[in-house]
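Here is a short tour of one protein model, meant to be read with the structure open beside it. Take a moment to turn the model around before reading on.

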Amino acid sequence: MKLYYHPLSGHSHRVHLFLSLLGVPYELVEVDLAAGAHKAPEFLELNAFGQVPVLDDDGTIISDSSAILVYLARKFGRTDWLPDDILTAARIQKWLSVAAGEIAYGPCAARLVTVFGSNFRDDEVIARAHRILALVETELSGRAFLLGDNPTIADIALYSYIANAPEGNVDISSYQAVIAWLARIEALPGFVGFRKTKIGLAA
């Protein structure tokens, strides 16, 4: 399997992290976003949206980080990460939607301002980040992971941008349940970190 990724993309990191946690062989192929490689014709053949990550599983092409997480869990029969029962699957899907919504427009967007110079209003995206962090803090109160005692792909989907939220001037120090949750993920066998950038509150 080949993972087309960028080391500063949290969406890419989700998949990189999950592949590493699964302990399956894979090859990383860095896409030079600064040079516009993600908009080149050969990359657009892999993903017409021109975005990373993209997984090439021996010719089967999967794009979108959440879709790739689901694909990998199902491919390898990892019901510990994505259980078969419909209620748990629905709860996981809720968090995948949060990753694509509130996380993307909160801590992810705040980090895009400082790391990539994106044109978002700092106050708005930081406020959104704190709203979702407060909700995640409540969900994690009294439990180890988002759905209970064991991690699922829901945790993987949220980890990267929350872990690096301080780079976007989002202070996570008051969210003690979130900080403990981050540490539990980082203690998992096979964990691989999201590249840090010394910017914002992480400077």
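Let us begin with Ala180, which sits in helix α7, residues 176-186. Helices here are DSSP runs of H or I with at least four residues, strands are runs of E with at least two, and both are numbered from the N terminus. With a relative accessible area of 30%, Ala180 is partly exposed. On this scale, buried means under 20% relative accessible area, exposed means over 50%, and partly exposed is in between, using a 1.4 Å probe and protein chains only. Leu140 is 40 residues away from Ala180 along the chain, and the C-alpha atoms of the two are separated by 9.2 Å.

A word on what you are looking at: this is a predicted model, in which local features need pLDDT of at least 70 and side-chain atom pairs count only at pLDDT 80 or more, while totals for chains, interfaces and linings use all residues. Residues are numbered from 1 along each chain as its sequence is written, and side-chain values use heavy atoms, with hydrogens and water left out.

**The overall fold**

The protein has seven helices and four strands, and from the N terminus on they follow the order β-α-β-α-β-β-α-α-α-α-α. Along the principal axes, the C-alpha atoms fill a box of roughly 45 × 40 × 25 Å. The radius of gyration of the protein is 16 Å, which agrees with the value near 17 Å for a compact globule of 203 residues. That radius is taken over C-alpha atoms, and the globule rule is 2.2 Å times the number of residues to the power 0.38.

Of the 203 residues, 48% are buried. Among contacts with a separation of 6 or more, 68% are between residues 24 or more positions apart; a contact means heavy atoms within 4.5 Å. The accessible surface comes to about 9500 Å², and carbon and sulfur atoms account for 53% of it. These areas come from the Shrake-Rupley method with a 1.4 Å probe, and for residues only the protein chains shown count as cover.

**An enclosed helix**

How many of the residues of helix α6 are buried? The count is 11 of the 11 in residues 153-163, so α6 is largely enclosed by the rest of the structure. Its buried residues include Ile153, Asp155, Tyr159 and Tyr161. The cover over them includes α1, α3, α4, α5 (122-140) and α7.

**Two pockets**

A pocket is found on a 1 Å grid over the protein atoms alone, as an open set of points where a 1.4 Å probe fits, with protein on both sides within 12 Å along at least five of seven lines; lining residues have an atom within 4 Å of a point. Grid points are joined across faces, edges and corners, and the volume is the space filled by probe spheres set on the points.

The largest pocket has a volume of about 730 Å³. It is lined by 30 residues, of which Ser9, His11, Gln51, Val52 and Tyr161 are the closest to its centre. Two or more lining residues come from each of α1 (10-22), α3 (65-75) and α4 (86-116), and α4 gives the most, with 10 residues. The lining divides into 16 nonpolar, 10 polar and four charged residues. Here Ala, Val, Leu, Ile, Met, Phe, Trp, Tyr, Cys and Pro count as nonpolar, Asp, Glu, Lys and Arg as charged, and the others, Gly among them, as polar.

The second largest pocket holds about 210 Å³ of space. Thr88, Leu147, Gly148, Asn150 and Thr152 are the closest to its centre among its 15 lining residues. Helix α4 again provides the largest share, four residues. By class, this lining has five nonpolar, four polar and six charged residues.

**Backbone details in the loops**

Val52 and Pro53 are joined by a cis peptide bond, with omega about 5°. Pro53 lies in the loop between α2 (41-44) and β3 (54-57). Two residues other than glycine with positive phi are listed below.

| Residue | Phi | Loop | Relative accessible area |
|---|---|---|---|
| Asp58 | about 50° | between β3 and β4 (60-63) | 76%, exposed |
| Asp64 | near 80° | between β4 and α3 | 44%, partly exposed |

**A last stop in α4**

Arg91 lies in helix α4 and is partly exposed, at 46% relative accessible area. The C-alpha atoms of Arg91 and Leu201 are separated by 32 Å, with their positions 110 residues apart along the chain.
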